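Please open the structure in your viewer and keep the selection tool at hand, since this tour moves from one selection to the next and describes what is found at each stop.

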Amino acid sequence: MESKRGFRSAGSLGRGASRFIRFVLLALLLLASIPLAAQSRWKPATGQANKGDCDAASTSAAGPDKAADALEAKGLVGRAAVLAHPKAPKGDEKTLCDDCVVGTIACGETVTGTLQAGDCDLGDGTYVDVYRLELAEAQRVAIHLTSPDFDTFLVVEDTVCLPPDAWAVNDDCPGGGLNSCATVDLPAGTYFILANSYSAAATGMYTLQLSCEEAVSLCEDCVAGEIACGETITGTLDAGDCDLGDGSYVDVYRLELADARRVSINLSSAAFDTYLIVTDTVCTSAVASNDDCPGGGLNSCLTVNLPAGTYFILANSYSGGETGTYTVQVGCGEIVSLCDDCVAGTIACGQAVTGALEAGDCDPGDGTYVDVYRFDQTADQQVSISLTSADFDTYLIVEDAACATTDGVVAYNDDCGDSLDSCLTVSLPAGTWFIFANSYGDGETGAYQLELTWCGCRPEPAAPAAPSPVHGASRVPLDAVLAWNGAVPPAGGEAGARPKILYGADDRLDEYQIGDPELLEAGDSTCALVSRSALQDNGDGTYSLPPLTFGADYLNWVGRPLCGDEPFRDQPIPAFCTGFLVAPDVVATAGHCVGAGDCGSVAFVFGFVMEDAATAVLRVDASQVYFCSGLIASEVAAADWGLIALDRPVPDHAPLRVRTSGIIADGQNVTVIGHPLGLPRKYAGGPSTTVRENGNPFYFQANLDTYGGNSGSAVLDAETLQVEGILVRGNVPDFVEDGGCDRSRVCPDDGCPTWEEATRATAFSGMLPSYSVYLGTTPGGLALAASDLVVSSYRPESLQADTQYYWKVVCSTTCGSAEGPVWTFSTGESAGGVVPGDCNHDGGLNISDAVCVFRYLFLGSGNPLPCGDGTRDDPANLSLLDWQPDGQINLSDGIGLLLYLFQAGAPHCLAAASGETPCCLPIAGCPPTCGG
């Protein structure tokens with residue numbers, strides 16, 4: 001319901017914060033939670049947040065637990081998100097809690113002031129005076145703002161000073177009238193009290209009064225009695241009862257459960273609009289909450305599975321100052337297992353079922369109804385699921401067979417595109433799964449259709465093709481690199497093993513500060529995700545990235561400056577997430593960075609780095625910019641990952657090696673490479689950066705120095721540089737106030753209280769193509785030479801001279817394997833060689849070689865050729881200089897070389913056979929000038 005004067009229900013959430021909520025609300029049955037909070041690029045929040053949610057849409061963006069949000073809104077924990085009155089500054093150049101402070105106020109003090117034209121404008125046309133309050137210890141602070149001239153509006157802010165995140169807010173005091181008051185428990189620290197008007201342009205005198213007393217503990221000082229299963233208690237909210245801090249009164253009842261029970265609670269009153277909250281034993285975290293029961297009315301009710309323990313039931317009113325008699329009723333029953341007791345039927349691949357949500361269906365504990373369908377997956381494959389309804393806003397959840405922890409939720413979706421239907425595609429191993437047909441809104445009912453629209457496997461493995469050396473090549477160097485699928489063999493072969501918050505010291509380093517070539521090579525595989533609309537096509541084969549700096553963008557978003565010594569404040573920030581290459585044409589990133597509808601709006605830019613302390617690469621060659629050709633697969637849940645197919649293979653950046661089985665060791669040193677805050681590529685690690693929590697099957701935690709924008713960054717084993725995970729979530733806020741400016745929040749290495757989370761690489765690595773190479777000297781004698789290669793190239797350890805080799809490549813994914821044909825090549829007689837056509841034997845091809853041929857042809861024996869006996873009839877010289885070939889060295893060979901050099905003519909026949917132009921080949925009788 002809406003409160004008076006347009007205020008939104010404190011316990012409700014807009015659809016913009018909804019996508020993750022059903023996932024966490026399911027945990028209300030289990031007393032488990034995942035502390036994620038949606039945030040803007042800079043906006044601080046409690047709990048943890050996805051890194052890099054600022055610009056990219058996703059199918060399932062993170063959001064706060066609905067019950068916990070309600071508790072915050074009621075003033076119990078954190079800042080209250082109840083300032084629905086549009087008070088946030090909108091582009092005002094002033095910094096509210098710096099430039100608008102008119103004085104200080106202390107406990108027991110009364111100050112008078114005047115709102116007048118020229119005062120700070122809160123951004124909605126209202127004037128505001130700000131007072132600073134310093135508390136040396138935790139206090140319960142009662143604040144009164146009165147005026148004979150205007151309708152007052154009161155806000156209490158902390159040092160972050162970012163409406164609408166407030167500790168308390170009030171329009172009218174309980175009992176009526178246009179004055180404002182609030183009572184709020186505040187920890188020791190600095191606060192700002194905003195004396196404001198409700199209406200725009202209101203002016204006049206006001207009085208602000210503060211009184212303080214010892215902070216109140218709701219679950220110690222406000223307990224009105226005990227309540228037990230099967231008991232009904234009648235009570236009264238009176239003036240003088242405990243105040244939640246939002247002007248509403250509350251009575252607290254203790255509930256002791258000797259064993260796990262399914263608890264149903266009803267709070268009813270004929271005198272006021274009720275609000276019901278259940279907290280855990282520490283009274284700082286909501287287990288569940290409800291404003292209005294399903295079906296309408298102003299009473300409150302909820303049903304939730306509770307383990308054995310102590311709980312507190314808060315009998316509260318929706319609006320401030322409401323009083324009157326109420327009844328609390330508690331009923332207890334056997335624990336309901338959604339995946340045992342609520343199964344409405346089974347569903348199979350390709351099947352559609354119809355059903356209806358109706359009163360009496362299972363309630364997952366959040367006031368919604370749910371039908372559960374069992375799905376028995378016979379093989380590892382991907383499944384596309386849709387849930388549609390013309391009657392209600394659907395919500396779709398997939399749970400594993402355990403159906404007992406929040407981690408069992410493997411996927412979820414609220415809206416499919418712009419509709420209110422739900423859809424998702426998820427990779428499911430063989431086994432039993434449960435699909436929840438649910439509604440987004442409380443108490444919604446109506447018909448629905450649930451369909452498993454497609455089951456299969458993507459990507460299908462493709463048979464390797466396009467070998468290098470080309471099939472049938474001769475005189476192949478003994479140090480040749482074998483490649484396939486059109487890959488360019490790397491000059492040094494493939495890479496091998498090698499011996500946001502800030503945690504402790506800031507370990508982030510720029511590109512030019514890294515001396516380790518293997519670490520730089522890993523960084524070279526990292527790309528910045530940039531909004532395609534932000535790229536400027538220069539029309540000359542280059543793109544420009546926007547130059548807006550970190551400091552300027554932060555000031556625009558937050559309205560406060562960064563401190564002068566904040567690292568990287570003058571660097572540009574065009575990126576919104578990070579990705580890294582895992583196959584020649586596949587980038588891995590966080591699932592929340594690129595959703596199903598975002599493919600066409602994202603560019604993947606390689607090489608966005610700082611060349612030196614002052615120079616960022618903002619003009620990039622078009623060859624370093626790639627676009628999305630499709631979303632291969634993604635998940636946005638406890639495991640958060642996405643695989644993006646690029647519009648073309650990447651020839652000059654090597655895919656990173658990714659863990660395919662097992663888990664990283666506890667305490668292992670790790671490194672993260674990415675684009676924190678959208679900055680040029682940063683490397684962060686250090687000897688104290690290690691795996692700190694490794695028990696979750698979907699992700700691990702490490703004390704990595706990461707920020708928003710790091711989402712999608714590769715988290716690497718610092719010793720092997722193997723990808724162990726994708727950075728997806730972390731502690732927030734990233735920044736805190738320090739006097740008149742903001743700086744990076746610093747957490748101890750032992751957490752705040754937890755660390756940054758990385759989805760395990762094994763969540764997606766099975767979908768990547770891997771290659772096995774077979775090599776031998778007979779077509780039927782091929783032996784496995786290499787396996788689990790992630791790049792399309794392999795350097796054999798030792799090839800023998802003058803030997804015919806046969807080889808093939810097998811591509812494997814979780815969908816199966818595909819075998820390429822058997823190819824062949826032959827080697828020359830030595831590791832060294834010469835460049836075909838190199839008449840003057842200087843190791844290259846140029847006009848001097850044509851002059852050498854013509855001089856020999858026209859000046860005779862005084863100018864011997866470089867190989868064998870120096871004559872044109874020697875087989876070595878014939879191989880070296882016979883361009884066509886026509887079996888002799890003559891004028892046409894010199895002309896052929898000139899045509900090659902100046903008119904893109906045909907290469908030397910040996911070069912063409914080897915597949916490399918120019919190339920270095922051993923030629924019997926010719927002293928080597930290259931490759932030795």
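Begin by selecting arginine 659, which is buried at a relative accessible area of 17%, where buried means under 20% relative accessible area, exposed over 50% and partly exposed in between, with a 1.4 Å probe and protein chains only. This is a predicted model, in which local features need pLDDT of at least 70 and side-chain atom pairs count only at pLDDT 80 or more, while totals for chains, interfaces and linings use all residues. Residues are numbered from 1 along each chain as its sequence is written, and side-chain values use heavy atoms, with hydrogens and water left out.

Now add glutamate 724 to the selection: its side chain meets that of arginine 659 in a salt bridge of 2.5 Å, N to O, a salt bridge being a side-chain nitrogen of Lys or Arg within 4 Å of a carboxyl oxygen of Asp or Glu. Glutamate 724 lies in strand S51 (residues 723-731) and arginine 659 in the loop between strand S45 (640-646) and strand S46 (670-674), so the pair ties together parts that are 65 residues apart in sequence. Helices (H or I, at least four residues) and strands (E, at least two) are DSSP runs, numbered from the N terminus. Glutamate 724 is itself buried, with a relative accessible area of 2%.

Salt bridges that share partners also join Arg560, Glu737 and Asp742 into one network, so select these three next. Within the network, glutamate 737 forms a salt bridge with arginine 560, and the closest N and O atoms are 3.6 Å apart. This pair links distant parts of the chain, 177 residues apart, with glutamate 737 in strand S52 (residues 735-738) and arginine 560 in the loop between helix H7 (550-558) and S38. Glutamate 737 counts as buried at 18% relative accessibility, and arginine 560 counts as buried at 2%.

For another pair, select aspartate 565 and arginine 743, which form a salt bridge with the closest N and O atoms 3.1 Å apart. Aspartate 565 sits in the loop between H7 and S38, while arginine 743 belongs to strand S53 (residues 741-744), 178 residues apart. Is aspartate 565 buried or exposed? At 52% relative accessibility it counts as exposed, whereas arginine 743, at 25%, counts as partly exposed. A search of the whole structure finds 16 salt bridges.

Turn next to the largest nonpolar core, which has 46 residues, and select those with the most contacts inside it: Leu529, Phe580, Phe604, Leu643 and Phe764. Such a core is a set of buried Ala, Val, Leu, Ile, Met, Phe, Trp, Tyr and Cys residues joined through side-chain atoms within 4.5 Å. Strand S38 (residues 575-583) gives the largest share of this core, six residues. A second, separate core of 25 residues includes Ile143, Trp167, Ala195 and Tyr206.

As a last selection, take proline 769, which is placed in the loop between strand S55 (756-760) and strand S56 (770-776) and is buried at a relative accessible area of 16%. Leaving aside residues up to four places away in sequence, proline 769 touches Ala583, Leu789, Val790, Cys811, Ser812 and Thr813, where contact means heavy atoms within 4.5 Å. Proline 769 and cysteine 811 are 42 residues apart in sequence, yet 6.2 Å apart in space, C-alpha to C-alpha.

Finally, show the whole protein, whose secondary structure comes to 11 helices and 61 strands, and of whose 932 residues 55% count as buried.
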